[in-house]
Amino acid sequence: MRKNLYYLMFLCFILAGVNANAQGELKFEKTMHDFGTIAEGVQATYEFKVENVGNQPVVIAHVQPSCGCTTPDWTKDPILPGKTGIIKAVYNSTGRPGPFHKAITVTSNAATPNTTLYIKGAVGPKDLKMSYTAEQKAKSPRLAVGSTNYNFGKLEKGQKAVAKFRIKNTGLQDLQVQGIKSNCNCVSYKVSEPAIKPGQQAILELTYVPAMLKEQNEVVTILSNDIVMPDLKLTLKANVVESLVSRNMLREGAQPVPFR
């Protein structure tokens, strides 16, 4: 009887030790992003990627920027072990000329509960093309794309769809996509490489969630550190229809049901 009691106590001690070591841990791909020089008025956007390298889910509870000029967004669902999430930083350069260096504090239930991310860069004139010399333009990174149009065909309203563009840096310095602009605010982006080396290619993904019906042509401006063409324009086309699920539900409920 006493041996069994000792055995149970020993087993509880081992399990307690295992539970004490069970915790999520966030590993960031990088903690600093340099936008370089951007034109005033640009909403510079960057997504910090993070992986849970621990053995328990991690919930990002809060993301606090050091100023109101930075608007953060982040993965709200629990990040499971081995899975990834994002912290999205958007810097509003309107009326803020000159260099900037901002901190973003990420709070979670990970083993390291607080991590600080940084974004930096410089805000130049609205028309950057006018402020560079011929030599600077010759050494600039250059953003090239094979096609500037993508047709989704028929999409349901609210349906998430992804367009992939193959882009290439034909310049002499590293190319960085710094953000996008669209009138509908219904497009987000992701680039397979944060810095594209001269001569290298990458995949630019535009995620489109249509909010208006009928034929849509959304012009998306791609902002980059290409000082010759810092605002390349791409067009997303779609024939947007009502949700087929909603239609089926309406059909199923077409027969009137009397009140009881």
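A residue counts as buried when its relative accessible area is under 20%, as exposed when over 50%, and as partly exposed in between, using a 1.4 Å probe and protein chains only. Keep that handy, as it comes back throughout this tour. What you are looking at is a predicted model, where local features need pLDDT of at least 70, side-chain atom pairs count only at pLDDT 80 or more, and totals for chains, interfaces and linings use all residues. Residues are numbered from 1 along each chain as its sequence is written, and side-chain values use heavy atoms, with hydrogens and water left out.

Let's start with the whole protein. There are three helices and 16 strands; these are DSSP runs numbered from the N terminus, with helices being H or I of at least four residues and strands being E of at least two. Of the 260 residues, 36% are buried. Contact here means heavy atoms within 4.5 Å. Take the contacts between residues at least 6 apart in sequence, and 68% of them join residues at least 24 apart.

Now for a sheet. Four strands form an open sheet in the order β1-β3-β6-β5, and the pairing is antiparallel; two strands pair if DSSP finds at least two bridges between them. β1 (26–28) and β5 (70–74) sit at the edges with a single partner strand each, so one side of each has no neighbour in the sheet. From one strand to the next the twist averages 25°, an angle between N-to-C directions on a 0 to 180 degrees scale, with axes fitted as lines to C-alpha atoms (for helices, over the stretch in contact). At the β5 edge, five bridges hold β5 to the antiparallel strand β6, residues 84–92. One spot to find by eye is W74, whose bridge partner in β6 is I87.

I87 turns up again in the largest nonpolar core. Such a core is a set of buried Ala, Val, Leu, Ile, Met, Phe, Trp, Tyr and Cys residues joined through side-chain atoms within 4.5 Å. This one has 28 residues, and L26, I60, I87 and Y91 touch the most other members. Several strands supply at least two residues each, including β2 (32–39), β4 (60–65), β7 (98–108) and β8 (114–124). The largest share, four residues, comes from β3. For a closer look at one member, try L26: beyond its neighbours within four places in sequence, L26 is in contact with V50, E51, N52, V58, I60, I79, S108 and A110. Another core lies apart from this one, with 27 residues, among them L175, I180, I196 and V220.

I180 leads us to another set of strands. I180 stands opposite I222 in β15, and five bridges join β12 (residues 177–182) to the antiparallel β15 (residues 214–224). β15 is also joined by 10 bridges to β16 (residues 231–241), again antiparallel, with K214 opposite V240. A hairpin of six residues leads from β15 to β16.

Next come the charges. The structure holds six salt bridges, each a side-chain nitrogen of Lys or Arg within 4 Å of a carboxyl oxygen of Asp or Glu. E135 and K139 form one, with their closest N and O atoms 3.3 Å apart; E135 is exposed at 52% relative accessible area, while K139 is partly exposed at 41%. D226 and R142 form another, at 3.6 Å from N to O. That pair links distant parts of the chain, 84 residues apart: D226 is in the loop between β15 and β16, and R142 is in the loop between α2 (134–138) and β9 (143–145). D226 is buried at 1% relative accessibility, whereas R142 is partly exposed at 32%.

K190 and E205 also meet in a salt bridge, at 3.9 Å from N to O. K190 lies in β13 (residues 187–191) and E205 in β14 (residues 201–208), so the pair ties together parts 15 residues apart in sequence. Together with K164, they are linked in a network of salt bridges.

Which charged residue is buried yet has no salt bridge? Look at E47, in strand β3 (residues 43–52). For E47, the nearest side chain of opposite charge is K88, 4.9 Å away; Lys and Arg count as positive and Asp and Glu as negative, with His and the chain ends not counted. Not counting residues up to four places away in sequence, E47 touches I86, I87, K88 and Y189.
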